[in-house]
Amino acid sequence: MSTTFTLDTGTSRAHPVPEPVRRLTVPGIAKRKGGEPVVMLTAYTARMAQLLDKHCDMLLVGDSLGQVIYGLDTTVKVTLEMMIAHGAAVVRGSYHSVVVVDMPFGSYEASPQQAFENAARVMKETGAAGVKLEGGTAMAETINFLSRRGIPVVAHVGLTPQAVNALGGYGARGRSAEEAATILADAEAVAAAGAFALVVEGVVEPLARRITETVKCPTIGIGASAACDGQVLVVDDMLGMFERVPRFVERFDDLAVRIDTAAATFAAAVRERRFPTEKQLYL
């Protein structure tokens with residue numbers, strides 16, 4: 001059921017929209033199969049959520065924060081506490097998008113019961129609408145267990161970063177007929193288990209297209225196919241914050257250069273005593 005919020009602009013920077021607003025819903029996203037493409041970006045902070053929210057249908061609090069925020073080498077080292085802290089911030093900073101939080105490595109794989117306990121904690125402490133977890137056929141039972149108990153799940157197949165050690169790297173998946181068949185079976189299994197959406201990452205285009213044609217839930221591509229029912233990118237990659245990005249990333253800005261320029265301008269102004277001026281002082 002939709003929830004309507006009236007946001008208070010007088011007490012905080014966190015809520016700049018004065019009129020009543022209504023969030024999109026999980027059932028609404030599920031109905032987008034074959035319709036208007038679903039727009040998803042990652043977000044990790046309240047301020048970034050504010051800026052992205054009106055443009056997106058979904059905000060993903062991705063475990064990619066381990067790399068882009070904390071400088072970790074993989075997502076494997078991300079903790080549940082990290083995800084909850086950032087998830088709560090993104091929910092506070094948004095009012096329109098469906099917010100989904102990644103379940104970090106080790107928080108859901110042991111059993112459906114473990115997954116439920118940790119997913120319930122995520123939803124209680126963040127206010128998010130659902131969780132995302134990686135894995136195919138092996139996770140179908142867990143996805144069904146969660147979905148039947150009121151926890152909406154976004155599934156994730158293909159290149160699954162939490163399994164990078166087992167996969168041996170970040171290369172595209174599904175090039176061989178055998179691997180393609182396995183990934184297709186994974187997609188069918190998690191969709192049948194009740195996932196309301198499915199991230200398809202880093203797979204060859206014909207396979208991503210076939211998955212989209214086969215499963216009944218919306219597919220959200222990242223390095224997959226334009227035929228997917230939606231697309232997602234890591235927001236820092238999309239903004240051009242990093243010099244090295246995966247092949248599937250399109251930089252829609254070059255924000256790193258602009259930040260560098262602004263910081264250099266500020267530093268020069270301080271060193272030359274041109275800042276602060278009388279305009280910035282309390283006289």
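A salt bridge here is a side-chain nitrogen of Lys or Arg within 4 Å of a carboxyl oxygen of Asp or Glu. Keep that cut-off handy, and remember that you're working with a predicted model.

**Exercise 1. Work out whether R121 and E125 pair up, and where the pair sits.**

Step 1: check the distance. N to O comes to 2.9 Å for the side chains of R121 and E125, and the cut-off is 4 Å, so this pair is a salt bridge.

Step 2: place the two residues. Both belong to helix α5, which covers residues 112–126. They are four residues apart, or about one turn of the helix.

Step 3: look at exposure. Partly exposed is the band between under 20% and over 50% relative accessible area. R121 has 29% relative accessibility, so it counts as partly exposed. E125, with a relative accessible area of 42%, is partly exposed too.

Step 4: look for shared partners. Salt bridges link E81, R121 and E125 into one network.

**Exercise 2. Explain what the D102 salt bridge ties together, then say whether its partners are buried or exposed.**

Step 1: find the partner. D102 bridges to K132, and their closest N and O atoms are 2.8 Å apart.

Step 2: place both ends. D102 is in strand β5 (residues 98–102) and K132 is in strand β6 (residues 130–134), so the bridge connects parts that are 30 residues apart in sequence.

Step 3: check accessibility. D102 is buried at a relative accessible area of 4%. K132 is buried as well, at 3%.

Step 4: add one more pair for the tally. D253 and R258 form a salt bridge at 2.7 Å, N to O, and D253 is partly exposed at 27% relative accessibility. In total, the count comes to nine salt bridges.

**Exercise 3. Which residues does the UniProt "binding site" annotation cover, and why can you say they gather at one spot?**

Step 1: read the record. The unreviewed UniProt entry puts its "binding site" annotation on D63, S64, D102 and K132.

Step 2: compare sequence with space. These residues span 70 residues in sequence, but no two of their C-alpha atoms are more than 12.5 Å apart, so they gather at one spot.

Step 3: zoom in on D63. This residue is in the loop between β4 (58–61) and α3 (65–68), and is buried at 5% relative accessibility. Beyond four places in sequence, D63 touches T75, V78, M83, D102, E134 and Q162. One of those contacts, D102, is also in the annotation.

Step 4: do likewise for S64. The loop between β4 and α3 holds S64, which counts as buried at 12% relative accessibility. Setting aside neighbours up to four places away, S64 contacts T42, Y44, T75 and V234.

**Exercise 4. Describe the largest nonpolar core, then find nonpolar residues on the surface.**

Step 1: size up the core. It has 77 residues, and M58, I143, L198 and I211 have the most contacts inside it. The top contributor is helix α8 (residues 177–193), with eight residues.

Step 2: recall the general trend. In soluble globular proteins, nonpolar side chains tend to be buried together.

Step 3: follow one residue. Among the residues L198 touches, leaving out those up to four places away in sequence, are V154, V157, V190, I211 and I220.

Step 4: turn to the surface. F266, V270 and F275 make up a nonpolar patch there, with about 280 Å² of accessible area together. V270 lies in helix α11 (residues 255–271) and is partly exposed, at a relative accessible area of 38%.

Key
Residues numbered from 1 in each chain as written. Predicted model: local features only at pLDDT ≥ 70, side-chain atom pairs only at ≥ 80, totals over all residues. Heavy atoms only, no water. Helix = DSSP H or I, 4+ residues; strand = E, 2+ residues; numbered from the N terminus. Buried < 20%, exposed > 50% of the residue type's maximum accessible area, 1.4 Å probe, protein only. Core = buried A, V, L, I, M, F, W, Y, C linked by side-chain atoms within 4.5 Å. Contact = heavy atoms within 4.5 Å. UniProt positions renumbered as here; feature names shortened; annotations may be inferred. Patch = residues over 30% accessible without salt bridge, like charges linked within 9 Å, V, L, I, M, F, W, Y side chains within 5 Å. Areas by Shrake-Rupley, 256 points an atom, 1.4 Å probe, with all protein chains shown as cover.
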